[in-house]
Amino acid sequence: RECAVLLESSGHFSDAARLFEQAGAFEDAASVYVSQKQFDLAKPLMDRVANAGPTASSLRLRYAAAKESQGALAEAAESYELARDFDAAVRLRLSDEMRDAKRAFAICRSSASQEACAMAAAYCRAAGDATRALEFLVLARRGADAFELARETGNVETLARLLGDDGVPEEYRRVASYFETAGSFSKAADAHRRAGRLDHAVRCYLKAGDDDSVGAAVAVAGDSRDDALVARVVDFLSGDSSDAGNGGVSHSAWLFKLHVALGDYDAAAKTSGVIAQQEQEMGNYKLAHAQLLASHVELMKERKSVPGGLNRQLALLHSYVLVKSLVSRNDHEGAARLLRRVAANISKFPAHVVPILTSAVVECARGGLKKTSLELAQRLMKPELRAKIGDAYKRKIETIARKPDPNAADKPEPGSPCPFCDAPGGAYEMTCEVCRADVPLCVASGRRVTREEWTRCPACRFPCNANAFKTAALAENGECPMCRARVDVDALERPGSGAPERPGRG
């Protein structure tokens, strides 16, 4: 190597290059060959030159420039790329001589060189490819040019997608203004949100009014914790909900989600109860059940205690929902006892008072609750109710009411001790008379959970008695009676592993 340096300094370049090569100093050898324009000798050495370092880059740039001057554009472009001169590499590959747009575009995307991307954008625009031109204008940070092209070619939505979350506020403001003028309020809101203009975003989301947009407004307000934004959304959600979203979710349901996002779980629970009661009063029992279930799951996910009132509301509604499945399994006593529970709270089911009481009369008669059947039949004889009894059951109910059995009695209720204090009580009594605790409802049978058998649904985590849950799931295609999720009954937690959790009060 020392000899090579001396030969180079004395002007014996060819000899110096050969000695550098023999010494393994390939970068020095290639440098000498390039300086002497001996490119054929330099070429095999270029692959052995380290890619890193300023000296290597300088050498590759010299080699690339020399090859370009010779017209060897492919070699020149490759060397420019290795030297990280992406602008020169893209310039050559987009030239009329090379026309290697595919590789040029790949270089632009990987390097994000603004000058290279600007060249690619001009190339695509000249070729009439507006979508790719927009992509490279965005990468080149030519926001104003990108918007003008998008507006001229009707591709503003494409521009918004290309910007993603990587744009700057001014770019999003242009897009938002365009969409707002065009009446595309949801898209305008998305752009306002990315621009950081949350007040404009909420205004446009609410103006759009569809279910997804209202949900987005709730999310923005909840995440921001901005009092003015929260107040605006609350005012909207508390108003006329006749323009609720297409998904069947009322504005009140979004109000619940907003309270959860704000961490106001008491208000969330109260709102959910109101929503469910409204649906229940209209006879929309599935919607009411779904609302209460979703609220319970959300509060449990946040590790918050579910208020007792909400627990009792769901327990009552679920008791009614369970009746059909119990009847199908010929558990007429179970169905009768749940209908008696519902009949005792019939004011909460105003849309179907007569049908529910009619079912209760029939099931209580079949299930051994003769006295309750008689009492409910006599209740149905009131003038305001009698005329509404279905023809199929009217004669039977009239017979029960008018020819009462003087010895009619209810079958004794099975016993089930309180899982908290062991005090005796009825299997269908939901409050312990001793410790005054609300006893958790088994979602499969409507009975109390027991300390020995209690477990949880693997999906919704609601309490149940293991054997009852397995029976119900096997009879209903493996579905949980509460959440309707398909479950593996073998995945139930070991029954009786720890005491059940006490439901919240209030």
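The expected span of a helix is taken as 1.5 Å times one less than its number of residues. In this predicted model, helix α22, formed by residues 332-343, extends 16 Å between its first and last C-alpha atoms, close to the 16 Å expected for its 12 residues.

The chain in which α22 lies contains 27 helices and 2 strands. Of its 506 residues, 47% are classed as buried. The accessible surface amounts to about 25,000 Å², and carbon and sulfur atoms contribute 49% of that area. Among contacts with a separation of 6 or more, 46% link residues 24 or more positions apart.

Helix α22 is mostly covered, with 11 of its 12 residues buried. The buried set includes the charged residues Glu-333, Arg-337 and Arg-341, together with Leu-338, Leu-339 and Val-342. The buried residues of α22 pack against three helices, namely α21 (308-328), α23 (353-366) and α24 (370-380).

Two of these neighbours, α21 and α23, also take part in the second largest pocket, where they and α20 (285-301) are the elements that each give two or more residues to the lining. This pocket has a volume of about 520 Å³ and is lined by 19 residues. The largest contribution to the lining comes from α21, with 6 residues. Lys-286, Tyr-320, Val-321, Leu-322 and Lys-324 are the lining residues that lie nearest the centre of the pocket. By class, the lining comprises 12 nonpolar, 3 polar and 4 charged residues.

Note on methods
Residues numbered from 1 in each chain as written. Predicted model: local features only at pLDDT ≥ 70, side-chain atom pairs only at ≥ 80, totals over all residues. Heavy atoms only, no water. Helix = DSSP H or I, 4+ residues; strand = E, 2+ residues; numbered from the N terminus. Buried < 20%, exposed > 50% of the residue type's maximum accessible area, 1.4 Å probe, protein only. Contact = heavy atoms within 4.5 Å. Areas by Shrake-Rupley, 256 points an atom, 1.4 Å probe, with all protein chains shown as cover. 1 Å grid on protein atoms, 1.4 Å probe; cavity = no way out; pocket = protein on both sides within 12 Å on 5 of 7 lines; lining within 4 Å. Points joined across faces, edges and corners; volume = space filled by probe spheres on them.
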